[in-house]
Amino acid sequence: MTTAPVRPPAGALPALRPMRWWDVADVAALEAELFGPTAWSAETFWSELAAPGRAYWVARDDEGGLLGYAGAAAAGGDADVQTVATAPAARGRGLGDALLTACEDHATALGAGALLLEVEAGNAPALRLYHRHGFVQVARRRDYYGPGSDALVLRRRPPGGPPPADGPGGPGTTGRPRTTGTTGTTATTDDPDGAPTP
Ligand SMILES: CC(C)(COP(=O)(O)OP(=O)(O)OC[C@H]1O[C@@H](n2cnc3c(N)ncnc32)[C@H](O)[C@@H]1OP(=O)(O)O)[C@@H](O)C(=O)NCCC(=O)NCCS
């Protein structure tokens with residue numbers, strides 16, 4: 001797990017630091033606010049913090065209020081962005097950008113190849129962030145988050161790295177299974193490595 005604090009580049013941004021056990025209650029509360037029925041529980045965050053290859057960060061304001069958190073999983077092969085989230089009042093200032101960069105740096109540090117994530121197809125702010133970081137859509141999982149709510153699987157190759165051995169559009173697993181209805185859903189590959197889907 002990465003232990004050194006990661007400082008965002010922009011001056012007004014709070015520093016990121018590794019998530020600790022005492023952060024979990026606040027993280028789980030913000031998680032529930034942001035993701036409702038598909039939110040991860042505190043127990044899941046506990047498990048994530050204990051799992052190998054994971055790195056999680058938080059950002060807090062001067063009063064200790066939680067502004068955002070993120071986590072990544074890497075184990076030498078491909079890596080996953082497990083989660084990225086910022087509090088509504090903290091958005092649009094580059095904190096999501098800094099958290100995603102921390103995930104990317106963790107994947108690079110552990111020698112991961114491609115970095116994968118899942119995002120709800122209608123999540124415009126998240127898609128803007130991911131596309132700006134070079135993620136491209138490699139698959140669509142129809143109704144993954146419920147009827148009419150598809151998941152997009154995005155992938156970012158390491159800068160300057162070799163092309164993937166699995167060919168285009170062939171992700172295995174991705175990050176957090178933030179879903180309430182995966183059974184029977186279909187993972188389809190469309191637009192492999194093509195233009196980002198806005
Ligand atoms: C996605 C998220 C993490 C971005 O956090 P953030 O702190 O606003 O990130 P940034 O300040 O770096 O901005 C990211 C992009 O979102 C855009 N954005 C912010 N609010 C937006 C809005 N209401 N509509 C569209 N785009 C928006 C910003 O303009 C920026 O894009 P740009 O750089 O191309 O202009 C945040 O919106 C969030 O936590 N959403 C809820 C949780 C979530 O959906 N997480 C992702 C799960 S896959």
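**Note on the ligand shell and the α1/α2 packing**

1. Domain 1 (1-113) and domain 2 (116-198) both give residues to the shell around the ligand, so the ligand lies between them. The domain bounds come from an automatic or database domain assignment. This is a predicted model: local features need pLDDT of at least 70, side-chain atom pairs count only at pLDDT 80 or more, and totals for chains, interfaces and linings use all residues. Residues are numbered from 1 along each chain as its sequence is written.

2. The shell holds 20 residues, each with its C-beta atom, placed from the backbone, within 6 Å of the ligand. Thr 86, Arg 91, Gly 96, Asp 97 and Pro 125 come nearest. Two or more residues each come from β4 (79-86), α3 (95-109) and α4 (124-132). Helices (H or I, at least four residues) and strands (E, at least two) are DSSP runs, numbered from the N terminus.

3. α4 gives the largest share of the shell, six residues. By class, the shell has ten nonpolar, five polar and five charged residues. Ala, Val, Leu, Ile, Met, Phe, Trp, Tyr, Cys and Pro count as nonpolar, Asp, Glu, Lys and Arg as charged, and the others, Gly among them, as polar.

4. Elsewhere, the axes of α1 (residues 24-35) and α2 (residues 42-50) come within 9 Å and cross at roughly 125 degrees. Axes are lines fitted to C-alpha atoms, for helices over the stretch in contact, and angles run from 0 to 180 degrees between N-to-C directions.
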